[in-house]
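Dear colleague,

I am handing over the structure below, and I would be glad if you would look through it alongside the notes that follow.

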Amino acid sequence: MDITVVAIGKKHESWVADGIDRYAQRLKKPWKISWKLLPHSSREGEQARAEESERLVAACGAHDEVILLDERGTMLDSESLSRTLQGRFDRGRHVVMLIGGAYGVTEELRAQANLVWSLSDLVFPHQLVRLIVTEQIYRCQEIAGGRSYHHR
């Protein structure tokens, strides 16, 4: 149940790293999260979007289950996300979550993703998205395990 989060951007800011570490340390085997940070493009606009999307695609394996975070995606509540992740794990799939850069991702990448997931109608800073994603992965583990962290 390994999840790799691939994000465009600089290293985690200290307050984000502290939060990510807090939730990542709470994950119990077989749940595990790892991070791969890719540099921003030196270009702007569509050129940056294309270059960064290529980098994101290159970070995915042929058999990976790709979940793209995008504001135009499907909103899932925590229980639905937990079922989605558990279903992919049950099929033996490695999950890769992609977080694009400031200019977003190409339509081609969006079409290639197995799931396009929106956290909210709101737009969040990329650093905050990293922390939210980590907490949600921990929450999904707790829901899947029937533990009391998630109250509904």
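E51 is buried, with a relative accessible area of 18% (buried means under 20%, exposed over 50% and partly exposed in between, for a 1.4 Å probe and protein chains only). This residue is found in helix α2, residues 45-58, where helices (H or I, at least four residues) and strands (E, at least two) are DSSP runs numbered from the N terminus. The side chain of E51 makes a polar contact of 3.4 Å with the side chain of R43; such a contact is a pair of N or O atoms within 3.5 Å, of which, within protein, one must be able to donate a hydrogen and the other to accept it, while residues adjacent in sequence count only if both atoms are side-chain atoms. Not counting residues up to four places away in sequence, E51 touches S41, S42 and R43, contact meaning heavy atoms within 4.5 Å.

Please bear in mind that this is a predicted model, in which local features need pLDDT of at least 70 and side-chain atom pairs count only at pLDDT 80 or more, whereas totals for chains, interfaces and linings use all residues. Residues are numbered from 1 along each chain as its sequence is written, and side-chain values use heavy atoms, with hydrogens and water left out. The mean pLDDT of the chain (the predictor's confidence in each residue, from 0 to 100) is 94, and 99% of its residues reach 70 or more. Among the elements of the chain, strand β4 (residues 95-99) has the highest mean pLDDT, 98, and helix α3 (residues 78-90) the lowest, 94.

A second buried residue is H12, with a relative accessible area of 19%, which lies in the loop between β1 (2-8) and α1. The side chains of H12 and R130 are joined by a polar contact of 3.1 Å, and, leaving aside neighbours within four places in sequence, H12 is in contact with A17, I20, W35, L37, Q127 and R130.

You may also wish to inspect the backbone at P30, which lies in the loop between α1 (14-26) and β2 (32-38), since the peptide bond from K29 to P30 is cis, with omega near 15°.

By class, the lining of the largest pocket has 11 nonpolar, 6 polar and 5 charged residues.

With best wishes

Key: Ala, Val, Leu, Ile, Met, Phe, Trp, Tyr, Cys and Pro count as nonpolar, Asp, Glu, Lys and Arg as charged, and the others, Gly among them, as polar.
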